[in-house]
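Please examine the structure shown below, together with its sequence. The paragraphs that follow begin with a single pair of residues and then turn to the contact between two chains.

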Amino acid sequence: MNFDFIREALPQVLAAVPVTLEMAVLATIAGWILGILMAVARRNKIPVLSQLCAAFVSFIRGVPMVILLYVSYYALPMIIYSATGIDATSVPAIWYAIAALTLDQAAYSSEVFRAALNSVNRGQLEAAWSVGMTTWQAMRRIVFPQALAVALPNLSGLFVGIIKGTSLAYYVGVYEITATANLLATPGLNFIEAYVITTLIYELISFICNRLFRSAEIRLGRFRPKTAA
Amino acid sequence: MMVSLKNIRKSFGSQQVLNGVDLEIDVGEVVVILGPSGSGKTTLLRTINFLDPGDEGSVTVGNHTVNCKKHSRPDVLQLRRRTAMVFQNYNLFANKTILENVMEGLVTVKRRPKPVAEEISRKMLTRVGLSERFDYYPSALSGGQQQRAGIARALVLEPDVILFDEPTSALDPELVGEVLQTIKGIAETGITMIVVTHEIAFAKEVASRVIYMQDGVIVEQGSPSEILVHPKDPRTQRFLRRITDPSQDPKHIDMREDSPANEKSVPTSA
């Protein structure tokens, strides 16, 4: 084990952490918003839209993440060019990676949100209507908070998954944690050392995220029976 | 006239549930609706606040009339803001404390400032005997306590009419009494109430009018003694015989409600 290499490389790999987090956080925010919208469309069985969402989810979940990245990186600029005439090749690769990760998060999270929304019994929605609340008020104040508490353990898994997923952005040339470590390892063939560093960093990020989600889960789930905690 | 239903018809798929129901209810009346399961009594109640909109007919509460065939969203909202409902399964908001449950309508619908809403809600909960439970979540309460909170949530909005949908059917037998006592106390304040129930004794004691429904129509109606003691229609007579002494009728199993509480108490001899 080359400890000198580790000492030198560690700060540089750490410097790439913000790139990883930027991709993960942006893809998560956009993906989960899309996921919620799709879940609502499917739960309310909105014609056409509901079927389109189901097809989208099935399609995205059937494609390996790497392929999704390649399609986003190579095909999206062509599509944009032929549709609008705008040359999108100068857009940094990270945005194509974020687009692919967003689609992935949207598909997987919509299933999580759909199950969570279904877990809130319809009776509460009817009760909200019966006191004169609008559907939006009922969703915002009664249904969504409960659904979120149910969804959180799975969302936590999705978020940690996407952090690891960002490592694939390496293939389209985004210098996040994995790509940076590889780059530093190549001249001296210090691959083992580089992967030890990346492993530790990913583990640490995952650990912190799991903790944050867990405490959010406890806060949002206060209303549940103590035995189910 | 407080509530007026005209020619309400409703079907679920090919199943005709309400076959043209007309009903007029005066201010301060306590109307109890009885009938076997599948008679349409709960559906009738739910057409009043459009949780199940009728296919035909019209609903009037106070001076607000809504046509079932062409109702707009604001129309329905108006109607719902003049009524309140107490549900068989309580349907309390699980993510809110008992106090927040009662405050919810006051704050979001009636736009009362929070401190005002809170004070009114505390008084209402005290009235239904839950002064020790303000900050409990529904999951920490017994069925009877949850249902009394549900009653407080309905009552606090000062609706023109309160709709009770089998309010004691899901309760353990020993908890039925406390809820019926609470409802009786409210009835004495003069608020208009429509109660769908199987509690004959309660109907006798509290109702100003009893309605017997079967097969989506009102079979007969009148004072408690007219309907419960001297029913004229053979269908009412048969129903009362079955419900007061199920063991006398081999078909009693058809009469049960599919609620957990009743399921337990019905012998499974069929």
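In this predicted model, V3(B) stands opposite V61(B), a residue of β4(B). This pair belongs to a wider arrangement: strand β1 of chain B, residues 3–12, pairs with β4(B) in the antiparallel sense over 5 bridges. V61(B) also has a bridge partner in β5(B), namely H64(B). Here β4(B) pairs with strand β5 of chain B, residues 64–67, again in the antiparallel sense and over 4 bridges.

The connection between β4(B) and β5(B) is a hairpin with 2 residues between the strands. In its turn, G62(B) has a positive phi of about 60°. Is strand β4(B), which spans residues 56–61, mostly covered or mostly uncovered? It is mostly covered, since 5 of its 6 residues are buried.

Attention now passes to the contact between the chains. Chain A contributes 21 residues to this contact and chain B contributes 25 residues. Between them, chain A and chain B bury about 2,000 Å², of which 57% lies on carbon and sulfur atoms.

Across this interface there are 2 salt bridges. E104(B) forms a salt bridge with R141(A), and their closest N and O atoms are 2.4 Å apart. On the side of chain A that touches chain B, the elements giving two or more residues are α6 (122–130) and α7 (135–165) of chain A. The largest share, 7 residues, comes from α6(A). By character, the residues on this side of chain A divide into 9 nonpolar, 8 polar and 4 charged.

Note on methods:
Residues numbered from 1 in each chain as written. Chains lettered and ligands numbered in written order. Predicted model: local features only at pLDDT ≥ 70, side-chain atom pairs only at ≥ 80, totals over all residues. Heavy atoms only, no water. Contact = heavy atoms within 4.5 Å. Buried area = accessible area lost by both parts, 1.4 Å probe. Salt bridge = Lys/Arg side-chain N within 4 Å of Asp/Glu carboxyl O. Nonpolar A, V, L, I, M, F, W, Y, C, P; charged D, E, K, R; others polar. Buried < 20%, exposed > 50% of the residue type's maximum accessible area, 1.4 Å probe, protein only. Pairing = 2+ DSSP bridges.
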